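Q: Hey, I'm new to this one. Can you walk me through it?

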Amino acid sequence: MVRINLALQGGGAHGAFTWGVLDVLLQEPDVEIAAISGTSAGALNGAALKAGYLSGGAEAARENLDWLWGKMGAISGPAMTQWMGSWGAGAVAKTLEYSLPFMMADMASRMVSPYAYGPFYSHPLKPIAEAFNYEKICSDHPLKLFVCATNVRTGKARVFSCNEINTDVLLASACLPTLFQAVEIDDPQTGRKDAFWDGGYTGNPALWPFFAPELPDDVLIVNINPIERGATPVTPQQIQSRINEISFNSSLMSELRAISFAKRLIKEGAVKKGDMKDVKIHMVADDDLMNELSVATKMVPVPAILARLKAAGEAAAKAFLKDHKAKIGKESSVDLTAMYG
């Protein structure tokens, strides 16, 4: 049995890729998930997995993830499902980007505050977040869940765990400030109520909770924001997509750079063995598919694209297990030195 920590990125509807990865991992009998750190869609995936797992094991976790993404796909409506069902991912992305409704909504998000809607404001994810079994999610179980959100006042990441996690925390972790009103959460430590935005700005996802001594050294990152793009973006839509990807990868890249530095110190004997955790990094991604997609497919959960993303996640997870499962517990399968060379 090998134990791993899962780091689940946020990225809107592209989190369906993570759904596919988790579906495969939950069917692997000798892989134990010790802890999950998730942001935005990653937090929703993590909450669904833990609630299901504690209710009925791996199979119930898989069913709960199916339920979550069935609900996510229903947001866009059946008409769009039929219209785009047979299209390729790139065609759907371009059609959404250049469609008048999406362009108008995108423009409105830059010119109209979400606070302007007054009593008509509602968060589309709230009914989904309210339906989670928080008794299971917040239970003191060996499977740990960490959820990251960004404190608007301080600009710092806040990681919620155990009985701190609730509907508001999940909504805060997925709160894009141009679309949703900030989520206010009471902080018993400071005695004040703070507003929170999407955790992707400061921890996408946060890796430092995994440094606890009782957790395994291996971290599997499910990456849904392409680290590299071959072509320079030139259209407004391409530029916006790349800005989004760089912004939501920046905190992760910073943490990986710090881990790379720590690993070098350990290797060179500059720190005493045991003083620093020798984290082993693994990654599952499909940058080719993500390069076909865009901000538009993150924002509009087209069921056909969700299905494509899930299938891609399943394929990527199976390839990872085939190529790198033997390295878990022994060495990283990601060359951090080359990444930052």
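A: Sure, one term to start: buried means under 20% relative accessible area, exposed over 50%, and partly exposed in between, using a 1.4 Å probe and protein chains only. This is a predicted model, where local features need pLDDT of at least 70 and side-chain atom pairs count only at pLDDT 80 or more, while totals for chains, interfaces and linings use all residues. Residues are numbered from 1 along each chain as its sequence is written, and side-chain values use heavy atoms, with hydrogens and water left out.

Q: Okay, is asparagine 64 buried or exposed?
A: Asparagine 64 is buried, because its relative accessible area is 19%.

Q: And where is asparagine 64 found?
A: In helix α2, residues 41-74. Helices here are DSSP runs of H or I with at least four residues, strands are E runs of at least two, and both are numbered from the N terminus.

Q: What is asparagine 64 in contact with, leaving aside neighbours within four places in sequence?
A: Ala48, Ala51 and Gly52. Contact means heavy atoms within 4.5 Å.

Q: Switching topic: is methionine 111 buried or exposed?
A: Methionine 111 is exposed, because its relative accessible area is 65%. Methionine 111 belongs to helix α5, which covers residues 100-111.

Q: Zooming out, how many helices and strands does the protein have?
A: There are 13 helices and 8 strands.

Q: And how much of the protein counts as buried?
A: Of its 341 residues, 52% do.

Q: What about contacts between residues at least 6 apart in sequence?
A: In the protein, 79% of those join residues at least 24 apart.
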